[in-house]
Amino acid sequence: MSEKALKLMFFGAPGAGKGTQAEIASERYGIPTISTGAILREAIAAKTELGVLAAGYVESGALVPDEVIVGIIKSRLAEDDCKNGFILDGFPRTLAQARAFDETGIGLTAVIDIEVEDERIITRMSGRRVCRDCGATYHTVYNPTKDNEHCDACGGELICRRDDDPEVVKHRLETYHSETEPLRAYYEEKGLLRVVIGQEKLEDTTALTVGVIEACL
Ligand code: ADP
Ligand code: ZN
């Protein structure tokens, strides 16, 4: 890993918009986004060994076991495209995962915490759509595609994620508050935490996020 590598982690509740911001930053700074959620969804769709194991957890809104996730992240970060930096989206989600990451010695430039209230998340998630083919995410109101039915990037059909069902979203938020939110204090103590208040408009959140990243360069 090079000295100046930009190593970011996006942190926040499910549906806070971290995946979208991570994708934007990834393009802007030319570093890959590593989304554990996307890796799991791909594995589930392809019915690989990992997918079969993960499906029950993901579909009910529970977390996939730490050792599985840590294994995924370690092998992904060892790939060549990560040597100039990376963005972690959705990892770590537990203190055990954060500690396992620390043990790799890879280190981080900053942890960007995108904050949005639960009520807004629940309404937002009902409009979330994902491309069946390439996995790009959109929103019927906040980030629509040209025709609201197909992906702008690849033309694939837009679908709702099963775990975006309101009952499952509630469970995911509970899991977030109990398992993942404690990480905020963990990274604050290390001086890495940068808070971005999620805005109504996607571009406004992006502007704040870019400001935070530029301050790290
Ligand atoms: P969101 O951020 O909107 O919750 P993700 O795509 O990040 O969505 O994650 C979807 C699901 O994948 C989670 O609800 C969980 O079941 C599983 N998952 C993703 N990342 C992790 C992780 N780091 N640890 C455990 N489970 C994970
Ligand atoms: Zn697509």
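Here is a short tour of a zinc site and some ring contacts in this structure. Keep in mind that the model is predicted. Four cysteines hold a zinc ion (ligand 2), and three aromatic pairs are found in the structure.

**The zinc site**
- The zinc ion (ligand 2) takes its protein donors from the SG atoms of Cys131, Cys134, Cys151 and Cys154, at distances of 2.3 to 2.4 Å.
- The site is tetrahedral, and the angles among its four donor atoms run from 97 to 118 degrees.
- Along the sequence, the donor residues follow the spacing C-x2-C-x16-C-x2-C.
- Cys131 and Cys154 link distant parts of the chain, 23 residues apart: Cys131 belongs to strand β5 (residues 128–131), while Cys154 sits in the loop between β6 (137–139) and β7 (158–159).
- Cys131 is buried, at 3% relative accessible area, whereas Cys154 is partly exposed, at 40%.

**Aromatic pairs**
- One of the three pairs joins Phe11 and Tyr176, whose ring centres are 6.2 Å apart; their planes meet at 50 degrees, so the pair is tilted.
- This pair connects strand β1 (residues 6–12), home of Phe11, with helix α7 (residues 166–180), home of Tyr176, across 165 residues of sequence.
- Phe11 is buried, with a relative accessible area of 3%, and Tyr176 is buried too, with 6%.
- Phe91 and Phe101 make an edge-to-face pair, with 6.1 Å from centre to centre and 70 degrees between the planes.
- Phe91 is in the loop between β3 (85–89) and α5 (95–104) and Phe101 is in helix α5, so their pairing ties together parts 10 residues apart in sequence.
- Phe91 is buried at 2% relative accessible area, and Phe101 is buried at 2%.

**A charge over a ring**
- Arg124 lies over the face of Tyr142, 5.9 Å from the ring centre.

Note on methods:
Residues numbered from 1 in each chain as written. Chains lettered and ligands numbered in written order. Predicted model: local features only at pLDDT ≥ 70, side-chain atom pairs only at ≥ 80, totals over all residues. Heavy atoms only, no water. Donors = N, O, S within 2.8 Å, 3.2 Å for Na, K, Ca; no water. Tetrahedral: all angles 85-135°; square planar, octahedral: opposite > 155°, others 65-115°. Helix = DSSP H or I, 4+ residues; strand = E, 2+ residues; numbered from the N terminus. Buried < 20%, exposed > 50% of the residue type's maximum accessible area, 1.4 Å probe, protein only. Phe/Tyr/Trp six-rings, centres within 6.5 Å; stacked < 30°, edge-to-face > 60°. Lys NZ or Arg CZ within 6 Å of the ring centre and 35° of its normal.
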